[in-house]
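Please read this report alongside the sequence and the 3D view. It starts from a single residue and works outwards to the fold.

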Amino acid sequence: LKSIHEQGGYYISRVKHNVKIYFTKERTEEPKCAEDFIKDLAPGETMEVHHVYISQKRIPQPRLILYRLTEKQERDREEKWNCLFNHDNDLKLKNSPKTFESIPFKFLGQLSYSIYLLHLILLGSLSCYLFKLFYEIGILYNISFLYSFILSFTTLILISYLMYKYVDLNGIRFSKYLTGKFFK
């Protein structure tokens, strides 16, 4: 890698450890993961593989350089990821205020998928209807918008909560049941 750098070369891209590597001359063979090559390397060692294609798209690579991290690099990488995720595997925002860990934000986080699914439907129906209703009875434009926003947002949160409680949680329970039944 050092000689490539000294010659002015650079990386086009990096590949993940689980990317599939195929040899171009042998199209019928089973692919290997980058991990399969790397496990035979000593820490800090590199290996160059010529004329391969990678991933399911089978992108041709005239040469692929695989590098095994040193123990220090692995520790540094692990520390980096441990700083980003807490013990529940939830993303932590570095130096973030405790605001995002408060109960209202956690509640909205649980409802986020339901909100995502329902918001456009409510915007196109209820919000438009309420705005038109308020505006036609003589309420100012900005006030009509504010009223329709508050009522639509409240309705969205309520319906999202019901969807989360009765649809999402049951779907999660069912998928856990299937996983336990078929993949034990």
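## A buried serine and its surroundings

Ser-152 is buried, with a relative accessible area of 6%. Buried means under 20% relative accessible area, exposed over 50%, and partly exposed in between, with a 1.4 Å probe and protein chains only. The model is a predicted one: local features need pLDDT of at least 70, side-chain atom pairs count only at pLDDT 80 or more, and totals for chains, interfaces and linings use all residues. Residues are numbered from 1 along each chain as its sequence is written, and side-chain values use heavy atoms, with hydrogens and water left out.

Ser-152 sits in helix α5. Helices (H or I, at least four residues) and strands (E, at least two) are DSSP runs, numbered from the N terminus. Which residues does Ser-152 touch, not counting those up to four places away in sequence? They are Leu-122, Leu-126, Ser-127 and Leu-130. Contact here means heavy atoms within 4.5 Å.

One of these partners, Ser-127, has its place in helix α4. Ser-127 is also buried, at 13% relative accessible area. Setting aside neighbours within four places in sequence, Ser-127 contacts Leu-122, Ser-148 and Ser-152.

Leu-123 belongs to α4 too. Leu-123 is partly exposed, with a relative accessible area of 45%. Between Leu-123 and Ser-152 the C-alpha to C-alpha distance is 7.6 Å, across 29 residues of sequence. Tyr-116 is another residue of α4. Is Tyr-116 buried or exposed? Tyr-116 is exposed, at 56% relative accessible area. Its C-alpha lies 9.9 Å from that of Leu-156, and the two are 40 residues apart in sequence.

### Helix α5

Helix α5 runs over residues 141–182 and has 42 residues. From first C-alpha to last it reaches 57 Å, close to the 62 Å expected at 1.5 Å a residue. The expected span is 1.5 Å times one less than the number of residues in the helix. α5 bends by about 40° at Tyr-164. A bend at a residue is the angle between axes fitted to the seven residues ending there and the seven starting there.

The buried residues of α5 include Ser-144, Ser-148, Ser-152, Leu-156, Ile-157 and Ser-160. Met-163, Tyr-164 and Asp-168 are buried as well. An α-helix has 3.6 residues a turn, so residues three or four places apart point the same way. The cover over the buried residues of α5 includes α4 (103–136).

### Helix α4

How far does α4 span between its end C-alpha atoms? α4 spans only 39 Å, whereas a straight helix of 34 residues would span 50 Å at 1.5 Å a residue. α4 bends by about 55° at Leu-111. Leu-111 is itself among the buried residues of α4, with Ser-114, Ile-115, Leu-118, Leu-122, Ser-127, Leu-130 and Phe-134. These buried residues pack against α5. Just after α4, Gly-138 takes a positive phi of about 105°.

### The α4–α5 contact

The axes of α4 and α5 come within 6 Å and cross at roughly 145°. Axes are lines fitted to C-alpha atoms, for helices over the stretch in contact, and angles run from 0 to 180 degrees between N-to-C directions. By class, the contact of α4 with α5 has 22 nonpolar, nine polar and one charged residues. Ala, Val, Leu, Ile, Met, Phe, Trp, Tyr, Cys and Pro count as nonpolar, Asp, Glu, Lys and Arg as charged, and the others, Gly among them, as polar.

### A loop residue

Pro-31 is found in the loop between β1 (20–23) and β2 (32–33). Pro-31 counts as partly exposed, at 27% relative accessibility. Beyond its neighbours within four places in sequence, Pro-31 contacts Lys-20, Ile-21 and Tyr-22.

The table lists C-alpha to C-alpha distances for three pairs.

| Pair | Apart in sequence | Apart in space, C-alpha to C-alpha |
|---|---|---|
| Leu-123 and Ser-152 | 29 residues | 7.6 Å |
| Pro-31 and Ile-54 | 23 residues | 8.8 Å |
| Tyr-116 and Leu-156 | 40 residues | 9.9 Å |

### The whole chain

The protein has five helices and four strands. Along the sequence the pattern is α-β-β-α-β-β-α-α-α. Buried residues make up 17% of its 184 residues. Among contacts between residues at least 6 apart in sequence, 47% join residues at least 24 apart.
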